[in-house]
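Here is a short guided report for someone meeting this structure for the first time. Please look over the sequence and the model, then read on.

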Amino acid sequence: MTDLLACVGVQKHFGDFVATKGIDLTIDCGEIVGIIGANGAGKTTLLNIISGYLRPDAGKIIFQGADVTGTPPRILVRRGIARSFQIPQLFTRSTALQNMMLALSLLVEPTSSIMQTFEDARLAGDARHVLASYGIDQHADMVVGLVPQGVRKLLDIAMATCAHPKLVLLDEPTSGVSSEEKHGLMQRLVERFTAASTTAVFIEHDMDIVRQYSSRVVALCDGEIIADASADDVFADAGVIQRITGQPKSARAT
Amino acid sequence: MSRPRADWTIVAIVVIALALSLAAAFIPGWIRYVSQNALAAALASIGVMILLRAGLLSFGQGLFYFLGAYAVALLNKHFAVTDAAVTVMIGAVCAGAVASVLGFFIASYRGIFFSMLTLAISMVVYGIATKLSFFGGSDGLNIGTLSFFGYRPRGAELQIMSFRFCIWTSALCGVGAHIFLRSRLGKVLEAIEDNEIRLEYLGRSVRDTIHIAYAAAGVLAGIGGALAGQAARHVDPSFAYWTTAGDFIFVVLLSGQASVLSPFAGSFTLEVLRTFASALFPNEWQLALGATMLAIVLFLPSGLGHLVVLIVRAFKRRAEAREVIEQ
Amino acid sequence: MSTFVTILIDAVSYAAWLFLTSIGLTLVFGVLRLLNIAHGSFYSVGAYMAAYAIGLCVAAGLGTAWQFSLAAIAAVTAGAVLGLVIERSVLGRLYRHPEALILIATYAAFLVLEDATKLIWGGQSLYANQPRDALGQMQLGALQYPIYDIALIVVAIALAATIGFVLNATRIGHCVTAVVFDREMSAAMGINVVRIMTGTFVVGAALGAFAGAITAPKIAISPGIGVEVIVIAFAVVVIGGLGSITGAVVGAVIVGFARALTAHLFPEIEMFAVYAAMAGVLAIRPYGLFARPEARKI
């Protein structure tokens with residue numbers, strides 16, 4: 001059991017607002033961890049800090065034994081930390097295919113190939129292949145700005161993971177995706193991650209999704225971790241659920 | 001369909017350069033002169049176009065135009081260097097070096113900040129140049145006759161050689177710029193305007209990319225300035241004045257950004273228009289220029305080059321429709 | 001001691017002029033988020049109109065009070081009308097287009113106006129210093145200082161106070177502030193955003209023209225005064241933070257002092273003082289001293 005990622009005493013505040021209060025979290029290789037919490041609990045901030053977009057005010061991020069606190073995202077990405085976004089971050093003026101081609105040429109192809117022609121048949125073919133594996137290749141030639149939200153989410157995740165990262169951070173992967181598609185999406189993702197031994201950490205608001213697909217759940221409230229255990233244990237704890245959802249467990253609609 | 005296709009833009013550049021070189025002796029002298037100015041400005045405009053791909057509008061390319069031109073003039077004056085190729089290369093190196101240094105600072109900025117900072121830097125240099133006699137003050141400097149790898153032609157032959165040198169230098173730069181723009185790095189440039197965060201999360205430093213593009217644009221403007229100086233055999237501080245940079249912007253606006261060939265066409269059109277208009281309407285032609293810019297901005301913001309794209313597209317669609325019917 | 005007083009007065013006087021010249025620019029940027037290169041043309045037109053009005057007054061034998069009033073009215077009206085025409089016919093159509101295109105449009109407008117002024121008034125310098133001379137000089141310490149220049153300081157302060165009052169204490173001012181912060185929300189709240197934007201541009205143009213009118217009695221009015229103004233107004237506005245009125249005041253003061261100090265102590269580098277000040281500020285605060293913080297994107 002090796003530690004892939006360790007957050008030690010991570011604190012972050014924005015002016016007077018304290019986003020995270022001293023988070024200690026360890027993720028082991030191969031885990032699929034769900035992070036739950038109310039809005040403002042500090043979930044996305046934590047992901048931003050781990051992936052290098054924000055620098056914590058105190059604390060450390062240790063990835064594969066090395067201190068990577070404050071290392072910018074572009075370097076962390078090459079070291080194996082990938083991240084998808086709550087609002088998909090895409091090149092909206094290019095087609096889905098071009099988005100994928102750009103992702104591949106930057107993440108997978110060697111840096112020396114950067115001066116090669118972009119409109120390359122082989123690169124396009126590889127990109128189409130990746131899109132097909134996520135089931136979105138029928139939108140390949142559509143400009144991303146016009147593509148449905150669920151497809152944008154998938155494209156975002158596909159671009160993030162195309163270089164087979166060691167750790168994937170997913171920010172609300174099923175938000176904006178219709179209820180029939182949510183499970184299909186998570187199923188696909190978890191299958192890929194398990195097959196490639198990718199460790200995944202995902203933020204989710206949909207409790208059913210979290211319960212079904214994560215081996216471990218971390219609950220955040222007001223910037224600190226209030227529960228960190230197997231999914232069943234966390235969901236059995238009425239106090240935790242109340243603080244997350246604001247309702248006592250018996251009152252929750254199923 | 002995976003036959004390797006010839007890059008028609010490169011073919012076109014080479015063919016046109018060949019044609020012009022061979023016809024050089026038959027082209028009237030004044031047209032050669034106008035063309036050389038047009039080519040010089042076109043190179044600087046290509047630099048503007050490169051930066052515009054990333055959404056950055058530089059009002060300061062005049063600075064590098066100035067540096068390239070003055071490198072030629074100063075080498076000529078203080079070191080008696082007359083070789084066309086050597087002076088252009090040194091001009092390019094000077095401009096590139098300054099652009100690389102400035103890039104450290106400027107690559108942090110976007111939008112209006114980028115535009116106005118480039119403008120301010122260029123104007124500072126203009127101010128210095130008009131005051132220092134080293135730069136010949138506001139009168140500028142003259143450049144002696146050129147030589148070509150030791151060969152010193154005279155009279156008509158000199159003009160023709162100078163013209164051919166200008167053509168091939170421009171062609172080389174054009175090809176280089178095209179390779180840059182069609183490459184993956186070129187696509188990254190385009191993506192910068194779209195979503196910088198995504199690029200950073202794909203492992204690419206946006207700052208470094210802009211730095212590279214800025215240096216490349218600087219080199220192109222430097223070569224352009226050197227060629228302009230050689231054509232006119234004179235340089236003056238107005239090269240660094242921001243309205244010179246404005247001309248380069250106008251060229252890109254006029255011709256659109258479809259390909260590297262566009263600024264060449266646009267620059268040539270502008271030079272011809274300028275020559276005729278300032279002769280026929282000396283007081284009103286600038287007004288007409290500004291009004292034309294406004295018209296293009298309002299009605300054809302993708303430039304006249306886009307008209308060509310639209311026409312080509314219309315033909316393609318007709319051809320496809322015919323294919324479907326004939327199947 | 002007297003050098004110190006001279007520098008101080010010079011600095012404040014120059015700062016006042018800088019504020020007057022750049023307040024229109026920063027206001028327009030704050031609300032419309034565009035940097036109007038044609039602002040220099042509004043300034044230039046204001047100066048020319050003022051010179052024209054003063055010339056008319058002098059020819060008709062009218063006194064200083066008339067000269068001031070007519071100059072100001074002529075300039076402000078011309079500026080406002082030009083601003084309205086440009087905003088409605090050009091800029092108003094371009095708000096959804098890329099920033100670079102809008103900037104080019106204002107540059108094109110600048111070129112057109114520059115040459116129009118050259119066509120109308122010719123390329124030679126005009127002079128309209130009658131009002132300034134008429135006001136005479138006053139004793140400040142050991143120096144004689146033109147009363148006009150001191151009056152300029154008072155005008156600048158009054159204008160700053162008025163703008164501050166309008167923005168903070170009137171309903172229209174609150175609407176403008178709302179539009180600065182979030183156009184879509186303002187529209188959703190029932191604010192006529194288009195009218196606010198047009199109105200702000202017209203006011204900005206009028207302010208630019210007013211600054212030109214006020215400066216006219218101090219300078220030789222010629223084509224090209226607009227160009228110098230753009231670069232320096234931008235420096236002031238950038239130092240203070242684009243879109244911030246307080247920033248425009250602070251920026252004007254900083255640049256005013258920088259220039260006055262160098263003009264008296266190291267005249268050779270005077271021109272650099274402004275850019276050095278700008279570079280210095282940008283090095284510690286990349287978007288100016290009072291720039292608005294950006295909302296988080298991801």
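## Chain C: layout and build

Read from start to end, chain C follows the order α-α-α-α-α-β-β-α-α-α-α-α-α-α. That makes 12 helices and 2 strands. The model is predicted.

The radius of gyration of chain C is 19 Å. The globule rule gives 19 Å for 298 residues, so chain C is as compact as a globular protein of that length. Along the principal axes, its C-alpha atoms fill a box of roughly 60 × 45 × 35 Å. Of the 298 residues in chain C, 48% count as buried. Contacts in chain C often reach far along the sequence: among those between residues at least 6 apart, 76% join residues at least 24 apart.

## Chain A: overall build

Chain A has 9 helices and 10 strands. Its radius of gyration is 19 Å, close to the 18 Å that the globule rule gives for 254 residues, so chain A is as compact as a globular protein of that length. The C-alpha trace of chain A spans about 55 × 40 × 40 Å along its principal axes.

Buried residues account for 46% of the 254 residues in chain A. Among its contacts between residues at least 6 apart in sequence, 66% join residues at least 24 apart.

## Chain A: the covered strand E3

Which way do the residues of E3(A) point? Ile32(A), Gly34(A) and Ile36(A) point one way, while Val33(A), Ile35(A) and Gly37(A) point the other way. In a regular strand, side chains alternate between the two faces of the sheet. Strand E3 of chain A covers residues 32-37, and 6 of its 6 residues are buried.

E3(A) has parallel neighbours. Strand E8 (residues 199-203) of chain A is joined to E3(A) by 4 bridges, and the two run parallel. Here Ile32(A) has Ala200(A) in E8(A) as its bridge partner. E3(A) also pairs with E9(A) in the parallel sense, over 5 bridges. In that pairing, Gly34(A) has Val217(A) in E9(A) as its bridge partner.

## Chain A: a hairpin and an open sheet

E9(A) takes part in a hairpin too. Strand E9 (residues 216-221) and strand E10 (residues 224-230) of chain A run antiparallel and are joined by 6 bridges. Leu220(A) has Ile225(A) in E10(A) as its bridge partner. The hairpin has 2 residues between the strands, and Asp222(A) takes a positive phi near 50°.

Chain A also holds an open sheet of 4 strands, in the order E2-E1-E4-E5, with antiparallel pairing. Strand E2 (17-28) and strand E5 (66-67) stand at the edges. Each has a single partner strand, so one side of each is left without a neighbour in the sheet. Strand E4 (residues 58-63) of chain A pairs with E5(A) in the antiparallel sense over 2 bridges. Phe63(A) has Ala66(A) in E5(A) as its bridge partner.

## Chain B: confidence and helices

The mean pLDDT of chain B is 89, and 95% of the residues score at least 70. Among the elements of chain B, helix H9 (residues 206-232) has the highest mean, 96. Helix H13 (residues 304-326) has the lowest, 72. Where pLDDT is low, the predicted coordinates should not be read in detail.

Helix H5 of chain B takes in residues 111-131. At 1.5 Å a residue, its 21 residues should span 30 Å; the end C-alpha atoms are 31 Å apart, which agrees. H5(B) is mostly covered, with 15 of its 21 residues buried.

Leu74(B) lies in helix H3 (residues 61-79) of chain B. Is Leu74(B) buried or exposed? Leu74(B) is buried, because 21 other C-beta atoms lie within 10 Å, and the cut-off for a buried residue is 20 or more. Leu74(B) and Asn142(B) are 68 residues apart in sequence, yet their C-alpha atoms are 9.2 Å apart in space.

## Where chains A and B meet

How many residues of chain B are in contact with chain A? There are 18, and they touch 23 residues of chain A. Helix H7 (184-194) and helix H8 (196-200) of chain B each supply at least two residues of this side of chain B. H7(B) gives the largest share, 6 residues. The residues on this side of chain B divide into 5 nonpolar, 6 polar and 7 charged.

Methods
Residues are numbered from 1 along each chain as its sequence is written. Chains are lettered from A and ligands numbered from 1 in the order in which they are written. This is a predicted model: local features need pLDDT of at least 70, side-chain atom pairs count only at pLDDT 80 or more; totals for chains, interfaces and linings use all residues. Two residues are in contact if their C-beta atoms, placed from the backbone, lie within 7 Å. Ala, Val, Leu, Ile, Met, Phe, Trp, Tyr, Cys and Pro count as nonpolar, Asp, Glu, Lys and Arg as charged, and the others, Gly among them, as polar. The expected span of a helix is 1.5 Å times one less than its number of residues. A residue is buried if 20 or more other C-beta atoms lie within 10 Å of its own, exposed if 12 or fewer, and partly exposed in between; C-beta atoms are placed from the backbone. The radius of gyration is taken over C-alpha atoms; the globule rule is 2.2 Å times the number of residues to the power 0.38. pLDDT is the predictor's confidence in each residue, from 0 to 100. Two strands pair if DSSP finds at least two bridges between them.
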